[in-house]
Amino acid sequence: MSQRIVIDTNVLVSGLRSSRGASYRILQLVGASDFEIALSVPLALEYEDVLKRESAGLGLSHDDVDRLLEFLCGVAHLQEIHFLWRPVLRDPKDDHVLELAAAAGCGLIVTHNVRDFALSEGFGVTAVRPGEFLRRIGVAS
């Protein structure tokens, strides 16, 4: 089985904003065999909220966002969360991302805000930037 990861919302937005860079490359690989993404209801709702709010700037319609979310939910490991550890992280709005990673057995959270997840190591989860993740799976960024 491929490794399971959580993609933070900022990586999703970055990958949709520009077709250059590691975030975009990761989005291209979602659904392939290199890794599996984990999703929870709170993270899917956050994706939807942010993407619909920024849809015009991303060149997406709300229908495009709905189709993207449907795809992500279709290829993701869908994880229910039965416990809350809040607050743990520097930014309490990121706690649900850590909860998902821990519950789904993810070793990595891929994010542009690595410092915000400094305390995730205590839960066996490492936060890495998109380029670092691609290097770890042997894909050039």
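Start by selecting helix α1 together with helix α2, residues 22-29, in this predicted model: their axes come within 7 Å of each other and cross at roughly 95 degrees. Because angles of 65 to 115 degrees count as roughly perpendicular, α1 is described as roughly perpendicular to α2. Now show the side chains where the two helices meet, which on α1 are Val 11, Leu 12, Ser 14, Gly 15 and Leu 16, and on α2 are Ser 23, Tyr 24 and Leu 27. Coloured by class, the residues of this contact divide into 5 nonpolar and 3 polar, with no charged residue among them.

Keep α1, residues 9-17, on display and add helix α3, residues 41-53. Here the two helices pack at an angle of about 40 degrees, and their axes lie 10 Å apart, which makes α1 oblique to α3. If you turn the view to follow how α1 and α3 cross, the crossing is right-handed. The side of this contact that belongs to α1 consists of Thr 9, Leu 12, Val 13 and Leu 16, while α3 brings Leu 43, Glu 46, Tyr 47, Val 50 and Leu 51. By class, the contact of α1 with α3 has 7 nonpolar residues, 1 polar residue and 1 charged residue. Leu 12 and Leu 16 are worth selecting on their own, since Leu 12 and Leu 16 are listed in the contact with α2 and also in the contact with α3.

Next, select the cysteines Cys 73 and Cys 106, and ask how far the sulfur of Cys 73 is from the closest cysteine sulfur. The closest one belongs to Cys 106 and is 15 Å away, which is too far for a bond, given that a disulfide requires sulfur atoms within 2.5 Å. The same pairing is found when starting from Cys 106, whose closest cysteine sulfur is that of Cys 73, and the count of disulfides accordingly comes to 0. With a surface displayed, compare the two sites: Cys 73 counts as partly exposed because its relative accessibility is 32%, whereas Cys 106, at 3%, counts as buried.

Finish at Phe 123, which you will find in the loop between strand β4, residues 108-110, and strand β5, residues 126-128. Is Phe 123 buried, partly exposed or exposed? At 32% relative accessibility, Phe 123 counts as partly exposed. To place Phe 123 against another part of the chain, draw a distance from its C-alpha to that of Gly 107: the two residues are 16 residues apart in sequence and 9.2 Å apart in space.

How values were computed: Residues numbered from 1 in each chain as written. Predicted model: local features only at pLDDT ≥ 70, side-chain atom pairs only at ≥ 80, totals over all residues. Heavy atoms only, no water. Axes fitted to C-alpha atoms, helices over the stretch in contact; angles between N-to-C directions. Helix = DSSP H or I, 4+ residues; strand = E, 2+ residues; numbered from the N terminus. Parallel < 35°, antiparallel > 145°, perpendicular 65-115°, else oblique. Left-handed = near helix turned anticlockwise from the far one by under 90°. Contact = heavy atoms within 4.5 Å. Nonpolar A, V, L, I, M, F, W, Y, C, P; charged D, E, K, R; others polar. Buried < 20%, exposed > 50% of the residue type's maximum accessible area, 1.4 Å probe, protein only.
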